[in-house]
Amino acid sequence: MSIDLADPPAAYLSFWRERHLCTLTTLRPDGTPHVVPVGVTFDPEAGIARVLANKSSRKVAHVLAAAGVEGPDGPGARVAVCQVAGRRWATLEGLAEVSAEPGRVAEGVRRYEERYGRVPSPNPDRVVVEIRVTRALGKAG
């Protein structure tokens, strides 16, 4: 079920504030999907989903490798994040970029703490994968 990003249902937004393990799907250079468990935060006002990661992770390498690849929504890494709980599910798709900029990483950590109720362990190699959301799907009601 497609979700209107300009006016997402309250139940959908509420579902993205609950504590759930999620998955991030990136594409390997050969086009096959790479799916890993992650924590995700969603900022619907900015249209950005965030994933904290280690700069040497495969997910980060996949995003960086696709940074200049042209797609239907412009250049960048096409990714999806998803969560499921019983019959409820939500997926956000979009274009990802990696940032090591301290303010952006700190914003990712702040939002992670807000959603998951804990501060991630210190990590000098932490980066944030920011996803400019272009499509939302789900059934949260």
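How many helices and strands are there in the protein? In this predicted model, the count comes to three helices and ten strands. Read from the N terminus, the elements follow the order β-α-β-β-β-β-α-β-β-β-β-α-β.

Overall dimensions make a convenient starting point. The radius of gyration is 14 Å, which agrees with the value near 14 Å for a compact globule of 141 residues. Along the principal axes, the C-alpha atoms occupy a box of roughly 35 × 35 × 25 Å. Buried residues make up 45% of the 141. The exposed surface amounts to about 7500 Å², with carbon and sulfur atoms supplying 55% of that area. Among contacts with a sequence separation of 6 or more, 68% involve residues 24 or more positions apart.

The interior comes next. In soluble globular proteins, nonpolar side chains tend to be buried together. Here the largest nonpolar core holds 35 residues, and the members touching the most others are Trp16, Val81, Leu92 and Ile131. Strand E10 (residues 126–139) provides the largest share of this core, with six residues. Val81 illustrates how such a member is surrounded: beyond its neighbours within four places in sequence, Val81 is in contact with residues including Trp16, Leu92 and Ile131. The remaining partners of Val81 are Thr23, Leu24, Val40, Ala49, Val51, Ala90 and Thr91.

Trp16 also appears in an aromatic pair. A pair of aromatic rings is described by the distance of the centres and the angle of the planes. Two aromatic pairs are counted in the model. In the pair formed by Trp16 and Phe42, the ring centres are 6.1 Å apart and the planes meet at 65°; the pair is therefore edge-to-face, as this angle is over 60 degrees. This pair links distant parts of the chain, with Trp16 in helix H1 (residues 10–17) and Phe42 in strand E4 (residues 41–43), 26 residues apart. Both Trp16 and Phe42 are buried.

Thr91, one of the contacts of Val81, belongs to strand E9 (residues 88–99). Its relative accessible area is 11%, so Thr91 counts as buried, the limit being under 20%. Apart from neighbours within four places in sequence, Thr91 is in contact with Tyr12, Trp16, Ala80, Val81, Cys82, Arg135, Ala136 and Leu137.

Polar side chains are found in the interior too, and Gln83 is worth a look. This residue sits in strand E8 (residues 77–85). Because its relative accessibility is 1%, Gln83 counts as buried. What does the side chain of Gln83 reach at 3.0 Å? The partner is the backbone oxygen of Phe15. A further polar contact, of 2.5 Å, joins the side chain of Gln83 to that of Arg115. Leaving out residues up to four places away in sequence, Gln83 touches Phe15, Trp16, His20, Leu21, Cys22, Arg88, Trp89, Ala90 and Arg115. Trp16 is thus a shared name, being listed among the contacts of Gln83, of Val81 and of Thr91.

Ala6 offers a contrast in setting. This residue lies in the loop between strand E1 (2–3) and H1. With a relative accessibility of 73%, Ala6 counts as exposed, because the threshold is over 50%. From Ala6 to Lys59 the C-alpha to C-alpha distance is 28 Å, and the two residues are 53 residues apart in sequence.

Terms used:
Residues numbered from 1 in each chain as written. Predicted model: local features only at pLDDT ≥ 70, side-chain atom pairs only at ≥ 80, totals over all residues. Heavy atoms only, no water. Helix = DSSP H or I, 4+ residues; strand = E, 2+ residues; numbered from the N terminus. Buried < 20%, exposed > 50% of the residue type's maximum accessible area, 1.4 Å probe, protein only. Polar contact = N/O pair within 3.5 Å; in protein donor to acceptor, adjacent residues only side chain to side chain. Contact = heavy atoms within 4.5 Å. Phe/Tyr/Trp six-rings, centres within 6.5 Å; stacked < 30°, edge-to-face > 60°. Core = buried A, V, L, I, M, F, W, Y, C linked by side-chain atoms within 4.5 Å. Rg over C-alpha atoms; globule rule 2.2 N^0.38 Å. Areas by Shrake-Rupley, 256 points an atom, 1.4 Å probe, with all protein chains shown as cover.
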